[in-house]
Amino acid sequence: MSIRPATQNAFRLVGLTLGYDRHPAVHHLDGAVRTGDLLALVGPNGAGKSTLLKGMAGEIPCLEGHIDRSGDLAYMPQADEIDRSFPLSVMDLAGMGLWRKSGSWRSLWRWRPEIGAALDAVGLGGFEARPISTLSGGQFRRALFARLILQDCPVVLLDEPFTGIDNRTVEDLLALIRLWHGQGRTVIAALHDLTQVREHFPTTLLLAREPVAWGPTARVLTAENLARARNLSEAWDEDAAICVGPRQAVGHDHGSHGPDSHHHEDAA
Amino acid sequence: MIDPFGPIIAPFVEFGFMRRALAGCLALSVSAPPVGVFLTLRRMSLMSDAMSHAILPGAAAGFLVAGLSLPAMTLGGLVAGLVVALLAGAVTRATVVREDANLAAFYLISLAGGVLLVSLRGSQIDLMHFLFGSVLALDDAALILLGGISTLTLVALAAIYRPLVMECVDPLFLRTVSRSGGPVHLAFLALVVVNLVGGFQALGTLLAVGLMLLPAVAARFWTRDLGGLIPISMLIAAIASVTGLSLSYHLDLPSGPAIVLAAGALYLVSMLAGPRGGLLRRLIRARHLEA
């Protein structure tokens, strides 16, 4: 993955195919995420939203094509691997976000005001000493957002950040995301709530393994596009043929033909 | 006047070999328990058990080559332990089988090979030495080895403490901000092996794990805080060493098992009386608070 300074694009996706075990979960995706964009990833379950975010974060290798990205990024996965029974305080959890500054040696005490401010910003002021095992689901999510604040990255990837969270917390966290947007950070979030997307996200990528539409939210989330996204198969075909190449050019309306209409070679 | 600590201290005041045993066990008491704390927090308690078996064939190979020689057996144990740890880790990354399953497979192979090697040349007495150690016969070289292992462990743990904690709590996060996750994991496995080899010298393979895990598990009943777990586990290990050695002298018991049984007794006491989730605390339910 190459890191190019000062480009207009936070991400450039070139002929990108991501997947597991040779089966594509994101198929031939081309495009660019502009720096400072607030982009929603929308699509049915199994559409490849999480896979795309994992690919952008560098968690999984590309099956084909590549991702150019510039600058550090902060990534909040959907299913975190966090061991919540670990005896750790909220302050220490949020303080992890300072890793790039603190390294493994410097004491976190120097950044105590910053950590306090980040916790205040997510409504967890005074929770510094609480063990993380005593937090509720919403409080824990807030603590993770405090960690994102402290990471202070130009690019933020969020995978379904509001699942199982009450309305007030969602409102607070959305305000935080809009604040990041205002600061010129690039924010990409996978979401299911279309009202939320229409209200807060200027651009949207509608994904159903193939990209269905990508652009201003109002033009992407049309009834026609959503229906097409639903119809694209999410089946895992064990006997799928080997894909020989991307369909046509960039900007092509990928959804207009069925999934089998491009040239395939039989695996045998 | 009756001094209650007199009988406990007497053997150490009286005999040089008891002082040596105490020094060796105390060195182990400050290095093995912190490693055990991290093992239990990672839910890898049984991994140390597997590793303690894995070092046997290496030590046995050293024994076959050089007899009861400390450097040869230590080196053999270190090599065998590290090879099994690294192989299990590598196979896990390359295949779909989980690390614990791979480790079990490798240590069983290793253990069977070790027992075979010992029986090729050794007598029953040699096997007993392997399994139960020789804490009452620590020579200068063994003491220096234990002290060195102890120093190395504490320095290394201090150096990798923060990334190790992050690797335990949120490995995915550490991967996104740093590449140190892999090296830190391997360094930690190496510390486990080094401490087991040290414990093998003093307590034998089967009981080396005891001084690593029992204090760590017991400490969880006294504190919820990582910063407290480590010193408390060291303290419990030190108490177990002193009382175990003393009891083994007075009651003429084998010293290795006596130390581990003392640690086991402290675990049982902690489980019953510990303020953090101890059994007695559960029986006497405190009234809940208002908020």
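**Exercise 1. Locate R209(A) in this predicted model and decide whether it is buried or exposed.**

*Solution.* Start with the secondary structure: R209(A) sits in the loop that links β8 (203-208) to β9 (210-216) of chain A. Remember as you go that the model is predicted.

Next, count neighbours. R209(A) has 25 C-beta neighbours inside 10 Å. The cut-off for a buried residue is 20 or more, so R209(A) counts as buried with its 25.

**Exercise 2. Find which residues R209(A) is in contact with, leaving aside neighbours within four places in sequence.**

*Solution.* Work along the chain. The contacts include P24(A), A25(A), V26(A) and H27(A). Then come A47(A) and G48(A), and finally L232(A).

Now take one of these partners, A47(A). Along the chain, A47(A) and R209(A) are 162 residues apart, yet their C-alpha atoms are separated by 4.8 Å.

To set this in context, look at chain A as a whole. Of its contacts with a separation of 6 or more, 70% are between residues 24 or more positions apart. Buried residues make up 39% of the 268 residues in chain A.

**Exercise 3. Work out the strand order of the open sheet that contains β1, β2 and β4 of chain A, and state which strands are at its edges.**

*Solution.* Begin with the order, which is β2-β1-β4 (chain A), with antiparallel pairing. Each edge strand pairs on one side only, and these strands are β2 (23-34) and β4 (64-69) of chain A. From one strand to the next, the twist averages 15°.

Then zoom in on one pair. Strand β1 (residues 9-20) of chain A is joined to β2(A) by eight bridges, and the two run antiparallel. Opposite L18(A), in β2(A), you will find V26(A), which is also among the contacts of R209(A).

Last, add the helix. Helix α1 (residues 49-57) of chain A lies across β1, β2 and β4 of chain A, and runs at about 120° to β1(A).

**Exercise 4. Describe which residue classes chain A brings to its contact with chain B, and where confidence in chain B is lowest.**

*Solution.* First, the numbers: 15 residues of chain A and 18 residues of chain B take part. The chain A side consists of 10 nonpolar, one polar and four charged residues.

Second, the scores. The model has ipTM 0.78 and pTM 0.82. Chain B averages a pLDDT of 84, and 93% of its residues score at least 70. Its lowest confidence is in helix α7 (residues 124-132) of chain B, with a mean of 64. Where pLDDT is low, predicted coordinates should not be read in detail. The highest is in helix α12 (residues 226-250) of chain B, at 93.

Key
Residues numbered from 1 in each chain as written. Chains lettered and ligands numbered in written order. Predicted model: local features only at pLDDT ≥ 70, side-chain atom pairs only at ≥ 80, totals over all residues. Helix = DSSP H or I, 4+ residues; strand = E, 2+ residues; numbered from the N terminus. Buried ≥ 20, exposed ≤ 12 C-beta atoms within 10 Å, placed from the backbone. Contact = placed C-beta atoms within 7 Å. Nonpolar A, V, L, I, M, F, W, Y, C, P; charged D, E, K, R; others polar. Pairing = 2+ DSSP bridges. Axes fitted to C-alpha atoms, helices over the stretch in contact; angles between N-to-C directions. pLDDT = per-residue confidence, 0-100.
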